[in-house]
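Reader: Before we begin, please explain how the terms used for this structure follow from their definitions.

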Amino acid sequence: MKRLICLFLICILLSGCGANTQKTLYHMNTVMHLQLWGKDCETAAARCDVILRDLESLWSVTDANSSLSAINRGQDVKLDGPYQALLNQVEALSQRTGGAFNPKLYALSNAWGFYNEEFRVPTAEEITEALSQEQWDLGAALKGYAGYRLTLELDKLKVDRAMLNLGGNIQTYGEKADGSPWKIGIQNPDGGDYLGIISVTGTMAVVTSGDYQRYFEVDGVRYHHILDPETGFPADSGLRSVTVICDDGLTADAFSTALFVMGLEDGTRFWRASDDFEAVFITNDGKIHATEGVNLSGCDYEVIFR
Ligand code: AMP
Ligand code: MG
């Protein structure tokens with residue numbers, strides 16, 4: 001009997017922590033944290049590392065050797081099928097948002113100094129010139145796509161479940177062992193504690209765009225990194241952040257950026273005309289608005305109905 005109890009205890013310990021791998025990586029200019037549960041998670045985490053590195057070397061706009069940089073230089077680049085499909089998908093998402101998500105703003109981000117960190121307010125002529133250049137920049141979509149791409153690999157390697165934090169872009173994978181939902185905190189744009197908790201089940205992307213993620217200040221004015229393709233200036237739509245919940249990471253990422261540019265009213269209209277995502281908006285006055293399909297707790301908020 002004693003032996004049986006000992007075996008039972010060991011089994012509990014093994015199932016609690018034995019197959020759990022955590023890995024912190026640095027890719028796409030951001031810290032990424034992977035948590036994986038299952039049998040051979042070390043191998044799976046190593047594969048995720050390789051995939052992230054490969055995606056970066058293909059699509060990084062700051063790496064002169066990437067395929068995207070070659071495309072931006074006007075070189076004739078032959079992309080593999082899935083990669084051409086990615087660019088096509090990105091263009092389709094851009095069209096769906098009426099151009100609010102515009103994956104060709106590299107020259108504009110550069111004019112504001114967001115890439116070389118020589119921040120400055122460009123002149124009207126510089127903005128017009130930058131907007132005319134139409135150079136690819138997947139900064140608003142690549143981490144979301146990476147989350148989706150990693151779930152394909154986790155599936156292939158039969159990982160039980162995972163929580164991937166790709167620089168604040170969250171990708172969950174699989175069901176939690178006890179059947180409870182994954183819980184994801186919404187960052188307070190002013191720093192400090194989380195504002196609320198989003199619960200999701202299964203494989204889902206939860207992606208946030210916010211004015212606090214990258215910005216500089218001149219004469220007390222904050223200039224952030226999410227640019228309005230119509231004005232060439234940082235989007236001034238009355239929002240501090242938008243979180244999108246969607247089963248496709250690329251769509252979640254593209255739409256979080258687009259909804260930030262659109263603002264609450266147009267963003268709500270866009271959501272009502274769509275059926276593939278939910279969203280949480282935080283306005284400049286700190287109010288939270290969530291579409292009716294979001295499972296949000298720990299905060300007061302207004303529900304946006306269909
Ligand atoms: P995100 O944090 O996903 O909203 O993406 C912001 C990044 O995407 C910026 O750092 C720029 O590289 C790029 N970007 C800025 N404005 C836009 C826009 N309106 N559409 C697409 N990409 C953008
Ligand atoms: Mg985005």
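Reader: What makes the approach of Asp137 to ligand 1 a polar contact?

Author: In this predicted model, where local features need pLDDT of at least 70 and side-chain atom pairs count only at pLDDT 80 or more, while totals for chains, interfaces and linings use all residues, an oxygen atom of ligand 1 is 2.8 Å from an N or O atom in the side chain of Asp137. A polar contact is a pair of N or O atoms within 3.5 Å, so the pair with Asp137 at 2.8 Å qualifies. A nitrogen atom of ligand 1 is likewise 2.8 Å from a polar backbone atom of Asn102, and an oxygen atom of the ligand is 3.3 Å from a polar backbone atom of Ala140. Residues are numbered from 1 along each chain as its sequence is written, ligands are numbered from 1 in the order in which they are written, and hydrogens and water are left out of side-chain values.

Reader: How do you know how much of ligand 1 is buried by the protein?

Author: Taken alone, ligand 1 exposes 500 Å², of which the protein buries 95%; accessible areas come from the Shrake-Rupley method with a 1.4 Å probe.

Reader: Why is the pair of Trp112 and Phe233 called edge-to-face?

Author: Rings of Phe, Tyr and Trp (its six-membered ring) pair if their centres lie within 6.5 Å, and planes under 30 degrees apart count as stacked, over 60 as edge-to-face and the rest as tilted. For Trp112 and Phe233 the centres are 5.0 Å apart and the planes 80°, so this aromatic pair is edge-to-face.

Notes
Polar contact = N/O pair within 3.5 Å; in protein donor to acceptor, adjacent residues only side chain to side chain.
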